[in-house]
Amino acid sequence: MSMTASRVADLVSLADVGVSFRTKRTDVTALRDVSLSVRPGEFVSIVGPSGCGKSTLLKLVSGLLRPSSGTVSLLGSPVEGPRRDIGYVFQRAALLEWRSARKNILLQAEMRRLPAAEARRRTDELIEMTGLTGFEDAYPHELSGGMQQRVALCRALLHKPPVLLMDEPFGALDALTREHMNVELRRIWAETGTTVLLVTHSIAEAVYLADRVVVMTARPGTIEEIIPVELPAERDYVRTVAEPEFAKVTARIRNLLGAASASD
Ligand SMILES: Nc1ncnc2c1ncn2[C@@H]1O[C@H](COP(=O)(O)OP(=O)(O)O)[C@@H](O)[C@H]1O
Ligand SMILES: [Mg+2]
């Protein structure tokens, strides 16, 4: 395989990346020597103590932030500024209160000036895929937290991004809704074929969803270990969490993070 071909084979690639923030008071090294390659279609979860640079890592991939050292590539070319082709989902759904679910999703199309008919068709498709049928015309205050996150997910997927960045997307949901959203996300990921980078504080969520889990150290954030999750592609929730492999991987992560940060 040629150099170019092997580089293109990685959808996201970080090579020896470091990030320092200089503030008035002090210099903060947020990330140090981070190298990570993500294959197309892969689901990678990222866990680590608060402040270890997880959000910073996602910002690098999206181009919202430039590394102080090293290189970040997306689809084989360096990320040199904000990338419009990615999808981003945050802990807060950040919906516009005065727009219906459908109109919130279509916001993405308006910002990108996508052809209207195609955007409407794609919106219908996503509404069905995420189980929002019947709630298209509801306003955010009429939707549960889980439904609001579904709307945010639809909006992030509207333009068919090659990579979806998710920063603690289910952190504000109750435990059962969260499990339900995990199952839905796993299915949506399989249906869309999009690559996902998910930051989460939940070890169970990280393992259930991912092909690999990146475990980071406390600041300055480095990658402590990358753990492959050898569970079958088909992941019935109850059966999966009862698998020995699930127990093994979650125990390993808990061990790496230490009891204190695991409950963080
Ligand atoms: N714009 C910024 N200016 C200064 N420090 C920052 C900035 N963004 C993040 N940091 C610091 O970098 C570290 C990593 O932050 P972050 O990536 O948000 O951590 P995490 O998402 O893992 O909790 C933290 O110590 C944070 O205070
Ligand atoms: Mg964060």
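Which residue follows α6, and what is the sign of its phi? Gly-193 follows α6 and has a positive phi, near 70°. This is a predicted model, in which local features need pLDDT of at least 70, side-chain atom pairs count only at pLDDT 80 or more, and totals for chains, interfaces and linings use all residues. Residues are numbered from 1 along each chain as its sequence is written, while chains are lettered from A and ligands numbered from 1 in the order in which they are written.

**Helix α6**
- Helices (H or I, at least four residues) and strands (E, at least two) are DSSP runs, numbered from the N terminus.
- The 18 residues of α6 (175-192) should span 26 Å at 1.5 Å a residue (times one less than the number of residues), which agrees with the 25 Å between its end C-alpha atoms.
- Buried residues (20 or more other C-beta atoms within 10 Å of their own, C-beta atoms being placed from the backbone; exposed is 12 or fewer, partly exposed in between) in α6 include Arg-178, Met-181 and Leu-185.

**Packing of α5 and α6**
- The two helices, α5 and α6, pack at about 20°, with axes 11 Å apart; the axes are lines fitted to C-alpha atoms over the stretch in contact, and angles run from 0 to 180 degrees between N-to-C directions.
- α5 and α6 are therefore roughly parallel (angles under 35 degrees).

**Backbone features**
- The peptide bond from Arg-219 to Pro-220 is cis, with omega near -5°, and Pro-220 lies in the loop between β9 and β10.
- Asp-33, in strand β2, has a positive phi near 50° and is partly exposed, with 14 other C-beta atoms within 10 Å.

Note on methods
Parallel < 35°, antiparallel > 145°, perpendicular 65-115°, else oblique.
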